[in-house]
Amino acid sequence: MTAALSCGGLGKRYGDLVAVHDVGFSIAPGQAYGLLGPNGAGKTTTISMLVGLLRPDTGTVLVGGVDLAREPLRAKSRIGYVPQEIALYPELTGRENLRFFGRLFGLPRRALATRIAEVLDLIGLADRADTKLGTYSGGMKRRINIGAALLHRPEVLILDEPTVGVDPQSRKAILEGLERLVGDGMALLYTSHYMEEVERVCDRVAIIDHGRIVADGTRRELVSLVGGADTVELVLDGDVEAACAKLRAVEGVAEAVRTGAASVRLMADGGRYLLPSLITAVEGHATVTATQVIEPDLEATFLHLTGTTLRD
Ligand SMILES: Nc1ncnc2c1ncn2[C@@H]1O[C@H](COP(=O)(O)OP(=O)(O)OP(=O)(O)O)[C@@H](O)[C@H]1O
């Protein structure tokens, strides 16, 4: 089967900074692929190259087998792109905003009215369609943004952190809407630094850090990379930096990083059995006031592979 979207050897530099290096993956119709990485990892730069907004220094992008560099219009017509920034008209209603974008895509007037009604249903905003956009919450505006990207029935939908700054109700509507689209055969590229969303929406995930894909696979494949290691979170009272150094030296501890003024997160094989040793190790520097042991998930995989947390 021809991939809905594939790329290989993608690279981009900004002066001396390597923003993206040798990124490649392939997404089948009906598959949701996640790019998971912290701010600055290179997600937006990668997406900008995939949608034809930024010319790659190296590599190729194929949309449904069509080469983006050779046939940009044909390739782009198959993509729906939802950027991070919202660019809509506050004085127009939700429906009028969609109409504006539909005309921009050159969709015929009559077909457009029907399509707008379908899209409004899909994004769960049919009942608010005729009120001015200026009265919408951030999450509702984001849903209109997603609707605009769907009007021309793209085969691939690319979303750049679609739930940042979004209220819980809209977040739920967005995630459910995306799951329905994927169920109907759309290919999805979803970027986020929210591990729970990527775990929920995506069949396959690439972990991206400093512009490189450090691992990719199904959730299960990625989590198995951590082996049996648990994540242990400690809240400490005292000299946290010195305590962190002591924790790193405890046998069985793979990494220990500070995650806040008084908190440390570490990875350890059989972490739950190490708690007494951890508490003893920090004695003289700090007291452990709370502990939590978490079994491996994508966040743990990320920490294991990169030595940093997703949100620092
Ligand atoms: N136009 C630019 N000029 C110079 N450096 C840039 C430019 N755009 C991005 N960068 C740098 O490239 C790196 C990757 O940025 P990018 O925006 O792709 O990351 P990201 O993972 O999307 O993060 P965010 O979620 O914050 O957008 C960062 O170090 C960023 O500062």
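Student: The crossing of α5 and α6 is right-handed. Which residues of α5 and α6 make the contact?

Tutor: This is a predicted model, to begin with. On the α5 side the contact uses Gly139, Met140, Arg142, Arg143 and Ile146, and on the α6 side Gln169, Ser170, Arg171, Ala173 and Ile174. By class they come to four nonpolar, three polar and three charged residues.

Student: What makes three of the residues in the contact of α5 with α6 charged?

Tutor: Arg counts as charged. Arg142, Arg143 and Arg171 are in the contact, so these are the three charged residues.

Student: At what angle do helix α5 and helix α6 pack?

Tutor: Helix α5 covers residues 138-150 and helix α6 covers residues 168-183; they pack at about 20 degrees, with axes 8 Å apart.

Student: Why is α5 called roughly parallel to α6?

Tutor: Angles under 35 degrees count as roughly parallel. The angle here is about 20 degrees, so α5 is roughly parallel to α6.

Student: How do helix α3 and helix α4 cross?

Tutor: The axes of α3 (residues 94-104) and α4 (residues 109-122) come within 10 Å and cross at roughly 125 degrees.

Student: What makes α3 oblique to α4?

Tutor: The range 65 to 115 degrees is roughly perpendicular, and over 145 is roughly antiparallel. An angle of roughly 125 degrees falls in neither range, so α3 is oblique to α4. The crossing of α3 and α4 is also right-handed.

Student: Which residues of α3 and α4 make the contact?

Tutor: From α3 come Arg95, Leu98, Arg99 and Gly102, and from α4 come Leu112, Arg115, Ile116, Val119 and Leu120. They divide into five nonpolar, one polar and three charged. The polar one is Gly102, because Gly counts as polar in this scheme.

Student: How do α3 and α5 pack?

Tutor: Their angle is about 35 degrees, and their axes are 9 Å apart. The crossing of α3 and α5 is right-handed. Gly94, Asn97, Leu98 and Phe101 of α3 meet Ile144, Gly147 and Ala148 of α5. That contact has four nonpolar, three polar and no charged residues.

Student: Now the ligand. Which residues surround the ligand?

Tutor: The shell consists of Tyr14, Leu17, Ala19, Gly37, Asn39, Gly40, Ala41, Gly42, Lys43, Thr44, Thr45 and Glu161. Two elements, β2 (17-27) and α1 (43-50), give two or more residues to it. The largest share, three residues, comes from α1.

Student: How many residues of the shell around the ligand are nonpolar, polar and charged?

Tutor: The shell has four nonpolar, six polar and two charged residues. Lys and Glu count as charged, so the two charged residues are Lys43 and Glu161.

Student: Why does Thr2 count as exposed?

Tutor: A residue is exposed if 12 or fewer other C-beta atoms lie within 10 Å of its own. Thr2 has 12 C-beta neighbours inside 10 Å, so it counts as exposed.

Student: Where does Thr2 lie?

Tutor: Thr2 is in the segment before β1 (5-14). Leaving aside residues up to four places away in sequence, Thr2 touches Gly64 and Gly65. Thr2 and Ser26 are 24 residues apart in sequence, with their C-alpha atoms 9.7 Å apart in space.

Student: What is notable about the phi of Asp22?

Tutor: Most residues other than glycine have a negative phi. Asp22 is not a glycine, yet it has a positive phi of about 50 degrees. Asp22 is found in strand β2.

Student: Why is Asp22 called partly exposed?

Tutor: Exposed means 12 or fewer neighbours, and buried means 20 or more. Asp22 has 14 other C-beta atoms within 10 Å. That value lies in between, so Asp22 is partly exposed.

Student: What makes His210 partly exposed?

Tutor: The cut-offs are again 12 and 20. His210 has 17 other C-beta atoms within 10 Å, so it is partly exposed. His210 lies in the loop between β9 (204-209) and β10 (212-218), and it has a positive phi of about 50 degrees although it is not a glycine.

Student: What does the secondary structure of the protein chain come to?

Tutor: The chain has 11 helices and 14 strands. Of its 312 residues, 42% are buried. The C-alpha trace spans about 75 × 45 × 35 Å along its principal axes.

Notes. Residues numbered from 1 in each chain as written. Predicted model: local features only at pLDDT ≥ 70, side-chain atom pairs only at ≥ 80, totals over all residues. Helix = DSSP H or I, 4+ residues; strand = E, 2+ residues; numbered from the N terminus. Near = placed C-beta within 6 Å. Axes fitted to C-alpha atoms, helices over the stretch in contact; angles between N-to-C directions. Left-handed = near helix turned anticlockwise from the far one by under 90°. Contact = placed C-beta atoms within 7 Å.
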